[in-house]
2 protein chains.
Amino acid sequence: MSRRKAWNADPEPLLRVEPGFRLDQVDPDATPGFPGRKIDGLEALAAGASRLAALQERLYAASTAGDQRRVLLVLQAMDTAGKGGIVSHVVGAVDPNGVRYAGFKAPTAEEREHDFLWRIERQLPSAGQLGVFDRSHYEDVLIQRIRAFAAPDEIERRYGAITEFEDGLTAEGTTIVKVMLHISKDEQRERLGERLDRPDKHWKFNPADIDERLLWDRYQDAYQIVFDRTSTPQAPWYVVPANRKWYARLAVQQLLLRALEDMQLSWPKADFDVAEQRQRLAES
Amino acid sequence: MSRRKAWNADPEPLLRVEPGFRLDQVDPDATPGFPGRKIDGLEALAAGASRLAALQERLYAASTAGDQRRVLLVLQAMDTAGKGGIVSHVVGAVDPNGVRYAGFKAPTAEEREHDFLWRIERQLPSAGQLGVFDRSHYEDVLIQRIRAFAAPDEIERRYGAITEFEDGLTAEGTTIVKVMLHISKDEQRERLGERLDRPDKHWKFNPADIDERLLWDRYQDAYQIVFDRTSTPQAPWYVVPANRKWYARLAVQQLLLRALEDMQLSWPKADFDVAEQRQRLAES
(Lines give C-alpha, C1' and ligand atoms only; values in the text may rest on other atoms or scores of the structure.)
Protein backbone atom coordinates (compact mmCIF):
# COMPACT_ATOMS: atom_id res chain seq x y z
CA MET A 1 0.00 0.00 0.00
CA SER A 2 1.32 3.41 -0.98
CA ARG A 3 1.94 5.98 1.73
CA ARG A 4 1.18 8.75 -0.75
CA LYS A 5 -1.68 11.09 0.07
CA ALA A 6 -4.79 10.90 -2.09
CA TRP A 7 -8.06 12.80 -2.49
CA ASN A 8 -9.76 13.30 0.86
CA ALA A 9 -12.93 14.60 -0.80
CA ASP A 10 -14.46 14.31 -4.25
CA PRO A 11 -13.45 17.60 -5.93
CA GLU A 12 -16.53 17.63 -8.18
CA PRO A 13 -18.86 19.46 -5.74
CA LEU A 14 -15.97 21.57 -4.44
CA LEU A 15 -15.16 22.97 -7.88
CA ARG A 16 -18.67 23.18 -9.31
CA VAL A 17 -20.09 26.64 -9.97
CA GLU A 18 -23.38 27.03 -8.06
CA PRO A 19 -25.65 30.08 -7.72
CA GLY A 20 -23.83 32.76 -5.76
CA PHE A 21 -20.39 31.67 -6.92
CA ARG A 22 -17.79 34.45 -6.99
CA LEU A 23 -14.69 33.99 -9.15
CA ASP A 24 -12.84 36.64 -7.16
CA GLN A 25 -13.14 34.47 -4.05
CA VAL A 26 -11.34 31.49 -5.57
CA ASP A 27 -7.70 31.12 -4.53
CA PRO A 28 -5.66 30.08 -7.61
CA ASP A 29 -3.06 28.49 -5.31
CA ALA A 30 -5.54 26.20 -3.56
CA THR A 31 -5.84 22.43 -4.04
CA PRO A 32 -9.44 21.65 -3.00
CA GLY A 33 -9.94 18.06 -1.88
CA PHE A 34 -6.28 17.09 -2.22
CA PRO A 35 -4.16 17.43 0.91
CA GLY A 36 -0.99 16.04 -0.69
CA ARG A 37 1.93 17.78 -2.32
CA LYS A 38 3.19 17.77 -5.89
CA ILE A 39 4.84 14.35 -5.63
CA ASP A 40 1.60 12.83 -4.33
CA GLY A 41 -0.32 14.52 -7.10
CA LEU A 42 1.94 13.20 -9.83
CA GLU A 43 1.57 9.67 -8.51
CA ALA A 44 -2.21 9.99 -8.38
CA LEU A 45 -2.22 11.39 -11.93
CA ALA A 46 -0.25 8.39 -13.23
CA ALA A 47 -2.61 5.97 -11.51
CA GLY A 48 -5.65 7.77 -12.90
CA ALA A 49 -4.28 7.75 -16.46
CA SER A 50 -4.77 4.03 -17.00
CA ARG A 51 -8.23 4.14 -15.41
CA LEU A 52 -9.22 6.97 -17.71
CA ALA A 53 -7.99 5.06 -20.77
CA ALA A 54 -9.84 1.92 -19.63
CA LEU A 55 -13.11 3.75 -19.04
CA GLN A 56 -12.95 5.48 -22.41
CA GLU A 57 -12.38 2.11 -24.07
CA ARG A 58 -15.60 0.89 -22.47
CA LEU A 59 -17.42 3.98 -23.72
CA TYR A 60 -16.13 3.30 -27.22
CA ALA A 61 -17.07 -0.38 -26.98
CA ALA A 62 -20.59 0.60 -25.92
CA SER A 63 -20.88 2.83 -28.99
CA THR A 64 -20.24 -0.15 -31.27
CA ALA A 65 -23.45 -1.62 -29.83
CA GLY A 66 -25.44 1.56 -30.46
CA ASP A 67 -24.88 3.48 -27.21
CA GLN A 68 -24.99 7.17 -28.14
CA ARG A 69 -23.16 8.53 -25.11
CA ARG A 70 -20.02 10.65 -25.35
CA VAL A 71 -18.10 13.19 -23.24
CA LEU A 72 -17.17 16.74 -24.16
CA LEU A 73 -14.48 18.57 -22.19
CA VAL A 74 -14.61 22.33 -22.72
CA LEU A 75 -11.43 24.18 -21.70
CA GLN A 76 -11.36 27.93 -21.17
CA ALA A 77 -8.70 30.06 -19.50
CA MET A 78 -6.50 33.10 -19.69
CA ASP A 79 -3.29 32.56 -21.72
CA THR A 80 -0.66 30.28 -20.12
CA ALA A 81 -3.15 28.83 -17.61
CA GLY A 82 -2.35 25.31 -18.80
CA LYS A 83 -4.95 24.20 -21.35
CA GLY A 84 -2.20 22.61 -23.42
CA GLY A 85 -0.90 20.68 -20.43
CA ILE A 86 -4.39 19.29 -19.73
CA VAL A 87 -4.59 18.08 -23.32
CA SER A 88 -1.19 16.37 -23.31
CA HIS A 89 -1.02 15.12 -19.70
CA VAL A 90 -4.66 14.22 -19.04
CA VAL A 91 -6.32 13.59 -22.40
CA GLY A 92 -3.04 12.15 -23.74
CA ALA A 93 -3.63 9.01 -21.68
CA VAL A 94 -6.63 8.08 -23.84
CA ASP A 95 -6.30 6.10 -27.07
CA PRO A 96 -6.03 8.58 -29.99
CA ASN A 97 -8.88 6.86 -31.79
CA GLY A 98 -11.15 7.68 -28.84
CA VAL A 99 -10.32 11.39 -28.77
CA ARG A 100 -11.62 14.23 -30.88
CA TYR A 101 -9.55 17.34 -30.29
CA ALA A 102 -10.59 20.72 -31.63
CA GLY A 103 -8.75 23.98 -31.05
CA PHE A 104 -10.70 27.17 -31.78
CA LYS A 105 -8.80 30.24 -32.88
CA ALA A 106 -10.10 33.54 -34.22
CA PRO A 107 -12.93 32.67 -36.62
CA THR A 108 -12.11 32.58 -40.34
CA ALA A 109 -13.96 34.65 -42.93
CA GLU A 110 -16.13 31.63 -43.77
CA GLU A 111 -16.92 30.98 -40.12
CA ARG A 112 -17.90 34.60 -39.56
CA GLU A 113 -20.55 34.28 -42.25
CA HIS A 114 -22.40 31.73 -40.12
CA ASP A 115 -23.94 31.73 -36.65
CA PHE A 116 -21.28 31.46 -33.95
CA LEU A 117 -22.30 27.87 -33.15
CA TRP A 118 -21.86 26.66 -36.75
CA ARG A 119 -18.16 25.87 -36.46
CA ILE A 120 -18.70 24.36 -33.01
CA GLU A 121 -21.29 21.85 -34.23
CA ARG A 122 -18.88 20.57 -36.85
CA GLN A 123 -16.35 19.53 -34.22
CA LEU A 124 -18.54 17.64 -31.77
CA PRO A 125 -17.35 14.18 -30.65
CA SER A 126 -19.00 11.06 -32.04
CA ALA A 127 -20.63 8.43 -29.85
CA GLY A 128 -17.94 6.69 -27.79
CA GLN A 129 -15.46 9.55 -28.05
CA LEU A 130 -13.98 12.02 -25.62
CA GLY A 131 -14.20 15.40 -27.31
CA VAL A 132 -11.92 18.23 -26.23
CA PHE A 133 -12.54 21.88 -27.02
CA ASP A 134 -9.39 23.95 -26.55
CA ARG A 135 -11.24 27.27 -26.33
CA SER A 136 -14.82 27.07 -27.53
CA HIS A 137 -18.11 28.87 -28.16
CA TYR A 138 -17.40 30.73 -24.92
CA GLU A 139 -14.87 32.87 -26.74
CA ASP A 140 -17.92 34.35 -28.45
CA VAL A 141 -19.05 35.87 -25.14
CA LEU A 142 -15.55 36.56 -23.74
CA ILE A 143 -13.10 38.16 -26.17
CA GLN A 144 -15.99 39.06 -28.46
CA ARG A 145 -17.72 40.89 -25.62
CA ILE A 146 -14.60 42.67 -24.39
CA ARG A 147 -13.35 43.62 -27.83
CA ALA A 148 -16.88 44.46 -29.04
CA PHE A 149 -16.50 42.14 -32.05
CA ALA A 150 -20.25 41.67 -31.90
CA ALA A 151 -23.08 44.07 -30.99
CA PRO A 152 -24.27 44.07 -27.35
CA ASP A 153 -27.69 42.59 -28.19
CA GLU A 154 -26.04 39.79 -30.17
CA ILE A 155 -23.78 39.03 -27.18
CA GLU A 156 -26.87 39.00 -24.96
CA ARG A 157 -28.61 36.57 -27.29
CA ARG A 158 -25.67 34.18 -27.20
CA TYR A 159 -25.90 33.28 -23.51
CA GLY A 160 -29.36 31.84 -24.09
CA ALA A 161 -28.33 30.24 -27.37
CA ILE A 162 -25.46 28.51 -25.57
CA THR A 163 -27.58 27.01 -22.80
CA GLU A 164 -30.16 25.85 -25.34
CA PHE A 165 -27.42 24.31 -27.48
CA GLU A 166 -25.87 22.54 -24.51
CA ASP A 167 -29.26 21.32 -23.26
CA GLY A 168 -29.75 19.70 -26.67
CA LEU A 169 -26.38 17.98 -26.56
CA THR A 170 -27.05 16.70 -23.06
CA ALA A 171 -30.44 15.34 -24.08
CA GLU A 172 -28.78 13.41 -26.92
CA GLY A 173 -26.27 11.73 -24.59
CA THR A 174 -23.34 14.11 -24.28
CA THR A 175 -21.89 14.64 -20.83
CA ILE A 176 -20.43 18.16 -20.92
CA VAL A 177 -17.59 19.01 -18.53
CA LYS A 178 -16.85 22.75 -18.67
CA VAL A 179 -13.59 23.78 -17.05
CA MET A 180 -12.12 27.21 -16.45
CA LEU A 181 -8.48 27.01 -15.38
CA HIS A 182 -7.95 29.83 -12.91
CA ILE A 183 -4.52 31.39 -12.49
CA SER A 184 -3.47 34.63 -10.81
CA LYS A 185 -2.25 37.64 -12.73
CA ASP A 186 1.18 37.31 -11.09
CA GLU A 187 1.45 33.67 -12.12
CA GLN A 188 0.67 34.65 -15.70
CA ARG A 189 3.46 37.24 -15.65
CA GLU A 190 5.90 34.56 -14.55
CA ARG A 191 4.78 32.11 -17.23
CA LEU A 192 4.84 34.66 -20.04
CA GLY A 193 8.29 35.69 -18.84
CA GLU A 194 9.48 32.11 -19.13
CA ARG A 195 8.25 31.96 -22.71
CA LEU A 196 10.28 35.08 -23.45
CA ASP A 197 13.37 33.71 -21.71
CA ARG A 198 13.49 30.44 -23.63
CA PRO A 199 14.11 30.44 -27.41
CA ASP A 200 12.41 27.02 -27.62
CA LYS A 201 9.25 28.66 -26.23
CA HIS A 202 9.22 31.81 -28.37
CA TRP A 203 6.84 30.17 -30.84
CA LYS A 204 4.25 29.98 -28.04
CA PHE A 205 4.44 33.70 -27.39
CA ASN A 206 2.44 36.35 -29.18
CA PRO A 207 2.63 40.08 -28.40
CA ALA A 208 -1.19 40.02 -28.46
CA ASP A 209 -1.03 37.92 -25.27
CA ILE A 210 0.07 41.05 -23.42
CA ASP A 211 -2.70 43.11 -25.01
CA GLU A 212 -5.20 40.64 -23.53
CA ARG A 213 -3.35 40.64 -20.19
CA LEU A 214 -3.86 44.41 -19.95
CA LEU A 215 -7.61 43.65 -19.93
CA TRP A 216 -7.30 41.14 -17.09
CA ASP A 217 -10.03 42.57 -14.86
CA ARG A 218 -12.48 42.88 -17.71
CA TYR A 219 -11.88 39.22 -18.57
CA GLN A 220 -12.51 38.20 -14.96
CA ASP A 221 -15.80 40.10 -15.06
CA ALA A 222 -16.76 38.50 -18.38
CA TYR A 223 -16.05 35.05 -16.93
CA GLN A 224 -18.22 35.87 -13.91
CA ILE A 225 -21.11 36.67 -16.27
CA VAL A 226 -20.48 33.39 -18.15
CA PHE A 227 -20.72 31.47 -14.88
CA ASP A 228 -23.85 33.32 -13.75
CA ARG A 229 -25.66 32.72 -17.01
CA THR A 230 -24.45 29.37 -18.35
CA SER A 231 -23.67 27.14 -15.36
CA THR A 232 -26.70 24.84 -15.48
CA PRO A 233 -27.51 21.61 -13.64
CA GLN A 234 -27.11 19.76 -16.97
CA ALA A 235 -23.83 21.40 -17.90
CA PRO A 236 -22.20 23.04 -14.87
CA TRP A 237 -18.97 24.98 -14.93
CA TYR A 238 -15.99 23.94 -12.84
CA VAL A 239 -13.42 26.53 -11.80
CA VAL A 240 -10.12 24.76 -11.22
CA PRO A 241 -7.33 26.57 -9.33
CA ALA A 242 -4.39 26.31 -11.71
CA ASN A 243 -1.38 28.08 -10.24
CA ARG A 244 -0.17 24.56 -9.43
CA LYS A 245 -0.18 22.75 -12.76
CA TRP A 246 -0.09 19.32 -11.14
CA TYR A 247 -3.29 20.05 -9.20
CA ALA A 248 -5.18 21.37 -12.23
CA ARG A 249 -4.29 18.26 -14.23
CA LEU A 250 -5.26 15.93 -11.42
CA ALA A 251 -8.54 17.74 -10.82
CA VAL A 252 -9.60 17.70 -14.48
CA GLN A 253 -8.66 14.01 -14.70
CA GLN A 254 -10.85 13.39 -11.66
CA LEU A 255 -13.79 15.26 -13.22
CA LEU A 256 -13.48 13.13 -16.36
CA LEU A 257 -13.16 9.90 -14.35
CA ARG A 258 -16.27 10.78 -12.41
CA ALA A 259 -18.22 11.61 -15.57
CA LEU A 260 -17.32 8.22 -17.03
CA GLU A 261 -17.90 6.30 -13.80
CA ASP A 262 -21.37 7.82 -13.51
CA MET A 263 -22.24 6.23 -16.87
CA GLN A 264 -21.91 2.74 -15.36
CA LEU A 265 -20.43 1.35 -18.53
CA SER A 266 -20.32 -2.37 -19.17
CA TRP A 267 -18.92 -4.40 -22.07
CA PRO A 268 -21.55 -4.95 -24.77
CA LYS A 269 -22.92 -8.47 -25.08
CA ALA A 270 -21.99 -10.50 -28.17
CA ASP A 271 -24.63 -10.22 -30.90
CA PHE A 272 -23.42 -13.52 -32.41
CA ASP A 273 -23.29 -17.15 -31.25
CA VAL A 274 -19.84 -17.53 -29.73
CA ALA A 275 -19.71 -21.34 -30.02
CA GLU A 276 -20.75 -21.20 -33.68
CA GLN A 277 -18.02 -18.66 -34.48
CA ARG A 278 -15.42 -20.76 -32.63
CA GLN A 279 -16.38 -23.67 -34.85
CA ARG A 280 -16.11 -21.56 -38.00
CA LEU A 281 -12.71 -20.29 -36.86
CA ALA A 282 -11.43 -23.80 -36.17
CA GLU A 283 -12.43 -24.85 -39.69
CA SER A 284 -10.87 -21.84 -41.38
CA MET B 1 24.33 3.01 -19.67
CA SER B 2 21.66 0.39 -20.31
CA ARG B 3 22.71 -3.14 -21.14
CA ARG B 4 19.59 -3.62 -23.23
CA LYS B 5 20.01 -4.47 -26.88
CA ALA B 6 19.04 -1.83 -29.42
CA TRP B 7 18.70 -1.53 -33.21
CA ASN B 8 21.79 -2.89 -34.97
CA ALA B 9 20.63 -1.54 -38.33
CA ASP B 10 18.19 1.15 -39.45
CA PRO B 11 15.02 -0.83 -40.27
CA GLU B 12 13.88 1.67 -42.88
CA PRO B 13 15.75 0.13 -45.86
CA LEU B 14 15.17 -3.39 -44.50
CA LEU B 15 11.38 -2.99 -44.47
CA ARG B 16 10.98 -0.82 -47.59
CA VAL B 17 9.24 -2.37 -50.58
CA GLU B 18 11.55 -2.17 -53.61
CA PRO B 19 11.08 -3.55 -57.15
CA GLY B 20 11.09 -7.35 -57.00
CA PHE B 21 9.68 -7.47 -53.46
CA ARG B 22 7.69 -10.63 -52.68
CA LEU B 23 5.24 -10.58 -49.75
CA ASP B 24 5.28 -14.39 -49.57
CA GLN B 25 8.98 -14.27 -48.74
CA VAL B 26 8.54 -12.11 -45.63
CA ASP B 27 8.68 -14.02 -42.35
CA PRO B 28 5.98 -12.57 -40.04
CA ASP B 29 7.98 -13.78 -37.01
CA ALA B 30 11.15 -11.89 -37.97
CA THR B 31 12.51 -8.77 -36.28
CA PRO B 32 14.68 -7.13 -38.97
CA GLY B 33 17.36 -4.87 -37.55
CA PHE B 34 16.54 -5.61 -33.93
CA PRO B 35 18.53 -8.44 -32.31
CA GLY B 36 16.95 -8.02 -28.87
CA ARG B 37 14.03 -9.74 -27.24
CA LYS B 38 10.64 -8.45 -26.11
CA ILE B 39 11.97 -6.82 -22.94
CA ASP B 40 14.60 -4.95 -24.95
CA GLY B 41 11.97 -3.90 -27.44
CA LEU B 42 9.64 -2.53 -24.77
CA GLU B 43 12.44 -0.47 -23.28
CA ALA B 44 13.40 0.92 -26.68
CA LEU B 45 9.75 1.75 -27.36
CA ALA B 46 9.46 3.72 -24.11
CA ALA B 47 12.63 5.65 -24.91
CA GLY B 48 11.43 6.42 -28.42
CA ALA B 49 8.04 7.66 -27.20
CA SER B 50 9.38 10.86 -25.68
CA ARG B 51 11.58 11.51 -28.71
CA LEU B 52 8.60 11.10 -31.01
CA ALA B 53 6.53 13.51 -28.92
CA ALA B 54 9.38 16.04 -28.88
CA LEU B 55 9.91 15.87 -32.65
CA GLN B 56 6.22 16.28 -33.37
CA GLU B 57 6.15 19.34 -31.11
CA ARG B 58 8.90 20.84 -33.25
CA LEU B 59 6.93 20.06 -36.39
CA TYR B 60 3.92 21.79 -34.89
CA ALA B 61 6.01 24.77 -33.78
CA ALA B 62 7.37 25.08 -37.33
CA SER B 63 3.82 25.18 -38.69
CA THR B 64 3.05 28.23 -36.57
CA ALA B 65 5.76 30.01 -38.57
CA GLY B 66 4.32 28.91 -41.92
CA ASP B 67 6.10 25.58 -42.49
CA GLN B 68 3.69 23.42 -44.48
CA ARG B 69 5.19 20.04 -43.64
CA ARG B 70 3.24 17.20 -42.04
CA VAL B 71 3.39 13.41 -41.75
CA LEU B 72 0.77 10.87 -42.79
CA LEU B 73 0.95 7.33 -41.45
CA VAL B 74 -1.16 4.91 -43.51
CA LEU B 75 -1.95 1.61 -41.76
CA GLN B 76 -3.18 -1.43 -43.64
CA ALA B 77 -3.40 -5.02 -42.49
CA MET B 78 -5.50 -8.14 -42.18
CA ASP B 79 -7.82 -8.14 -39.13
CA THR B 80 -6.12 -8.48 -35.71
CA ALA B 81 -2.68 -7.61 -37.13
CA GLY B 82 -2.33 -4.78 -34.61
CA LYS B 83 -3.34 -1.49 -36.23
CA GLY B 84 -5.10 -0.49 -33.03
CA GLY B 85 -2.01 -1.23 -30.96
CA ILE B 86 0.10 0.99 -33.22
CA VAL B 87 -2.38 3.82 -32.73
CA SER B 88 -2.48 3.52 -28.93
CA HIS B 89 1.13 2.50 -28.19
CA VAL B 90 3.03 4.45 -30.85
CA VAL B 91 0.87 7.40 -31.89
CA GLY B 92 -0.48 7.66 -28.33
CA ALA B 93 2.86 9.15 -27.24
CA VAL B 94 2.20 12.27 -29.29
CA ASP B 95 0.24 15.24 -27.94
CA PRO B 96 -3.44 14.84 -28.94
CA ASN B 97 -3.46 18.30 -30.49
CA GLY B 98 -0.73 17.19 -32.88
CA VAL B 99 -2.53 14.08 -34.11
CA ARG B 100 -5.27 13.69 -36.66
CA TYR B 101 -6.71 10.18 -36.51
CA ALA B 102 -9.11 8.87 -39.15
CA GLY B 103 -10.55 5.38 -39.25
CA PHE B 104 -12.08 4.31 -42.56
CA LYS B 105 -14.90 1.79 -42.52
CA ALA B 106 -17.21 0.66 -45.33
CA PRO B 107 -18.13 3.82 -47.26
CA THR B 108 -21.48 5.44 -46.47
CA ALA B 109 -24.15 6.10 -49.11
CA GLU B 110 -22.97 9.72 -49.38
CA GLU B 111 -19.34 8.66 -49.76
CA ARG B 112 -20.23 6.16 -52.48
CA GLU B 113 -21.69 8.98 -54.56
CA HIS B 114 -18.24 10.56 -54.83
CA ASP B 115 -14.88 9.46 -56.20
CA PHE B 116 -13.14 7.06 -53.82
CA LEU B 117 -10.58 9.72 -52.83
CA TRP B 118 -13.23 12.26 -51.79
CA ARG B 119 -13.58 11.02 -48.22
CA ILE B 120 -9.82 10.59 -47.93
CA GLU B 121 -9.07 14.21 -48.83
CA ARG B 122 -11.38 15.41 -46.09
CA GLN B 123 -9.30 13.67 -43.41
CA LEU B 124 -5.80 14.78 -44.32
CA PRO B 125 -3.59 16.18 -41.54
CA SER B 126 -2.95 19.92 -41.32
CA ALA B 127 0.52 21.44 -41.39
CA GLY B 128 2.36 20.41 -38.22
CA GLN B 129 0.23 17.35 -37.55
CA LEU B 130 0.82 13.63 -37.60
CA GLY B 131 -2.09 12.14 -39.52
CA VAL B 132 -3.02 8.50 -39.05
CA PHE B 133 -5.18 6.53 -41.45
CA ASP B 134 -6.53 3.36 -39.84
CA ARG B 135 -7.34 1.67 -43.13
CA SER B 136 -7.34 4.03 -46.08
CA HIS B 137 -7.84 4.53 -49.82
CA TYR B 138 -6.07 1.18 -50.23
CA GLU B 139 -9.28 -0.58 -49.15
CA ASP B 140 -10.58 0.61 -52.51
CA VAL B 141 -8.14 -1.71 -54.28
CA LEU B 142 -8.17 -4.50 -51.68
CA ILE B 143 -11.60 -5.52 -50.37
CA GLN B 144 -13.21 -3.69 -53.30
CA ARG B 145 -11.16 -5.72 -55.75
CA ILE B 146 -11.70 -9.04 -54.01
CA ARG B 147 -15.41 -8.52 -53.38
CA ALA B 148 -15.88 -6.93 -56.83
CA PHE B 149 -17.52 -3.85 -55.27
CA ALA B 150 -16.19 -1.90 -58.25
CA ALA B 151 -15.76 -2.84 -61.92
CA PRO B 152 -12.34 -4.18 -62.98
CA ASP B 153 -11.50 -1.14 -65.13
CA GLU B 154 -12.38 1.18 -62.24
CA ILE B 155 -10.08 -0.82 -59.95
CA GLU B 156 -7.34 -0.57 -62.60
CA ARG B 157 -7.81 3.20 -62.81
CA ARG B 158 -7.43 3.56 -59.06
CA TYR B 159 -3.81 2.42 -58.82
CA GLY B 160 -2.76 5.30 -61.04
CA ALA B 161 -5.12 7.71 -59.29
CA ILE B 162 -3.56 6.75 -55.96
CA THR B 163 0.03 7.36 -57.02
CA GLU B 164 -0.94 10.68 -58.60
CA PHE B 165 -2.80 11.69 -55.44
CA GLU B 166 0.13 10.73 -53.23
CA ASP B 167 2.63 12.50 -55.50
CA GLY B 168 0.56 15.65 -55.06
CA LEU B 169 0.56 15.34 -51.29
CA THR B 170 4.30 14.77 -51.22
CA ALA B 171 4.90 17.81 -53.41
CA GLU B 172 2.90 19.94 -50.96
CA GLY B 173 5.01 18.84 -47.98
CA THR B 174 3.45 15.63 -46.69
CA THR B 175 5.79 12.80 -45.77
CA ILE B 176 3.77 9.63 -46.34
CA VAL B 177 4.69 6.49 -44.39
CA LYS B 178 2.70 3.51 -45.69
CA VAL B 179 2.77 0.45 -43.46
CA MET B 180 1.36 -3.02 -43.98
CA LEU B 181 1.43 -5.05 -40.76
CA HIS B 182 2.14 -8.61 -41.81
CA ILE B 183 0.90 -11.51 -39.67
CA SER B 184 0.62 -15.20 -40.48
CA LYS B 185 -2.68 -16.94 -40.97
CA ASP B 186 -2.03 -19.10 -37.89
CA GLU B 187 -1.35 -16.04 -35.77
CA GLN B 188 -4.65 -14.55 -36.89
CA ARG B 189 -6.51 -17.70 -35.83
CA GLU B 190 -4.99 -17.41 -32.38
CA ARG B 191 -5.87 -13.72 -32.04
CA LEU B 192 -9.45 -14.17 -33.29
CA GLY B 193 -9.77 -17.09 -30.88
CA GLU B 194 -8.72 -14.87 -28.00
CA ARG B 195 -11.39 -12.34 -28.92
CA LEU B 196 -13.95 -15.13 -28.79
CA ASP B 197 -12.66 -16.43 -25.46
CA ARG B 198 -12.86 -13.12 -23.64
CA PRO B 199 -16.24 -11.43 -23.06
CA ASP B 200 -14.45 -8.07 -22.74
CA LYS B 201 -13.18 -8.57 -26.31
CA HIS B 202 -16.42 -9.73 -27.95
CA TRP B 203 -17.18 -6.19 -29.12
CA LYS B 204 -14.05 -6.34 -31.25
CA PHE B 205 -15.19 -9.49 -33.04
CA ASN B 206 -17.40 -9.58 -36.08
CA PRO B 207 -18.45 -12.78 -37.86
CA ALA B 208 -17.49 -11.02 -41.11
CA ASP B 209 -13.85 -11.19 -39.93
CA ILE B 210 -13.97 -14.92 -40.62
CA ASP B 211 -15.53 -14.36 -44.04
CA GLU B 212 -12.51 -12.23 -44.93
CA ARG B 213 -10.13 -14.77 -43.38
CA LEU B 214 -11.47 -17.40 -45.76
CA LEU B 215 -10.16 -15.21 -48.58
CA TRP B 216 -6.66 -14.99 -47.06
CA ASP B 217 -4.69 -15.97 -50.17
CA ARG B 218 -6.63 -13.61 -52.38
CA TYR B 219 -5.89 -10.78 -49.98
CA GLN B 220 -2.18 -11.60 -50.00
CA ASP B 221 -2.28 -11.47 -53.82
CA ALA B 222 -4.13 -8.15 -53.79
CA TYR B 223 -1.55 -6.71 -51.38
CA GLN B 224 1.25 -7.89 -53.71
CA ILE B 225 -0.38 -5.95 -56.56
CA VAL B 226 -0.67 -2.88 -54.32
CA PHE B 227 3.04 -3.06 -53.56
CA ASP B 228 3.98 -3.59 -57.22
CA ARG B 229 1.95 -0.65 -58.40
CA THR B 230 1.97 1.92 -55.62
CA SER B 231 5.32 1.68 -53.83
CA THR B 232 7.05 4.75 -55.24
CA PRO B 233 10.27 6.54 -54.27
CA GLN B 234 8.13 9.44 -52.95
CA ALA B 235 5.76 7.23 -50.96
CA PRO B 236 7.20 3.75 -50.46
CA TRP B 237 5.44 0.90 -48.69
CA TYR B 238 6.92 -0.75 -45.64
CA VAL B 239 6.00 -4.34 -44.80
CA VAL B 240 6.43 -4.82 -41.06
CA PRO B 241 6.51 -8.36 -39.63
CA ALA B 242 3.82 -8.26 -36.95
CA ASN B 243 3.52 -11.66 -35.31
CA ARG B 244 5.46 -10.06 -32.45
CA LYS B 245 3.43 -7.03 -31.50
CA TRP B 246 6.32 -5.39 -29.68
CA TYR B 247 8.48 -5.51 -32.80
CA ALA B 248 5.79 -4.06 -35.07
CA ARG B 249 5.25 -1.15 -32.68
CA LEU B 250 8.94 -0.46 -32.32
CA ALA B 251 9.50 -0.62 -36.09
CA VAL B 252 6.66 1.77 -36.91
CA GLN B 253 7.87 4.14 -34.22
CA GLN B 254 11.32 4.01 -35.79
CA LEU B 255 9.91 4.78 -39.26
CA LEU B 256 8.11 7.82 -37.85
CA LEU B 257 11.20 8.97 -35.94
CA ARG B 258 13.26 8.72 -39.07
CA ALA B 259 10.69 10.63 -41.14
CA LEU B 260 10.73 13.45 -38.58
CA GLU B 261 14.50 13.45 -38.13
CA ASP B 262 14.96 13.76 -41.89
CA MET B 263 13.04 17.03 -41.77
CA GLN B 264 15.81 18.65 -39.70
CA LEU B 265 13.33 20.63 -37.67
CA SER B 266 14.40 23.65 -35.64
CA TRP B 267 12.49 26.00 -33.38
CA PRO B 268 11.11 28.98 -35.28
CA LYS B 269 12.77 32.32 -34.61
CA ALA B 270 10.82 34.99 -32.74
CA ASP B 271 9.05 37.42 -35.09
CA PHE B 272 8.93 40.04 -32.32
CA ASP B 273 11.51 42.01 -30.33
CA VAL B 274 12.10 39.96 -27.20
CA ALA B 275 13.51 42.84 -25.13
CA GLU B 276 10.59 45.08 -26.04
CA GLN B 277 8.07 42.43 -25.01
CA ARG B 278 9.91 41.83 -21.73
CA GLN B 279 9.55 45.53 -21.01
CA ARG B 280 5.83 45.49 -21.84
CA LEU B 281 5.37 42.45 -19.59
CA ALA B 282 7.21 44.08 -16.69
CA GLU B 283 4.92 47.10 -16.96
CA SER B 284 1.73 45.07 -17.16
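This passage looks at one strand of chain A and then at the contact between chains A and B, all in a predicted model.

Strand β4 of chain A, residues 174-182, is a good place to start. Eight of its nine residues are buried, so the rest of the structure largely encloses this strand. β4(A) has a parallel partner in strand β1 (residues 70-77) of chain A, and eight bridges link the two. One of the pairings here sets A:Leu75 against A:Val179 of β4(A). Strand β5 of chain A, residues 237-241, also runs parallel to β4(A), with five bridges joining them. In that pairing, A:His182 sits opposite A:Pro241 of β5(A).

Now for the two chains together. Chain B lands on chain A after a rotation of 180° with 0.0 Å of shift along the axis, at an RMSD of 0.0 Å. The copies are therefore related as by a two-fold rotation axis. Both use the same surface, as 98% of the contact residues of chain B turn up again in chain A.

As for the contact itself, chain B brings 41 residues to it and chain A brings 40. Together they bury about 3,800 Å², with 64% of that on carbon and sulfur atoms. On the chain B side, B:Trp203, B:Leu281 and B:Ser284 account for 19% of the area buried against chain A, more than any other three residues.

Polar links cross the interface too: there are 12 residue pairs in polar contact and four salt bridges. One salt bridge joins A:Arg278 to B:Asp197, whose closest N and O atoms lie 3.1 Å apart. Among the elements on the side of chain B that touches chain A, α12(B) gives the largest share, six residues.

Note on methods
Residues numbered from 1 in each chain as written. Chains lettered and ligands numbered in written order. Predicted model: local features only at pLDDT ≥ 70, side-chain atom pairs only at ≥ 80, totals over all residues. Heavy atoms only, no water. Buried < 20%, exposed > 50% of the residue type's maximum accessible area, 1.4 Å probe, protein only. Helix = DSSP H or I, 4+ residues; strand = E, 2+ residues; numbered from the N terminus. Pairing = 2+ DSSP bridges. Least-squares fit on C-alpha atoms with pLDDT ≥ 70 in both. Contact = heavy atoms within 4.5 Å. Buried area = accessible area lost by both parts, 1.4 Å probe. Salt bridge = Lys/Arg side-chain N within 4 Å of Asp/Glu carboxyl O. Polar contact = N/O pair within 3.5 Å; in protein donor to acceptor, adjacent residues only side chain to side chain.
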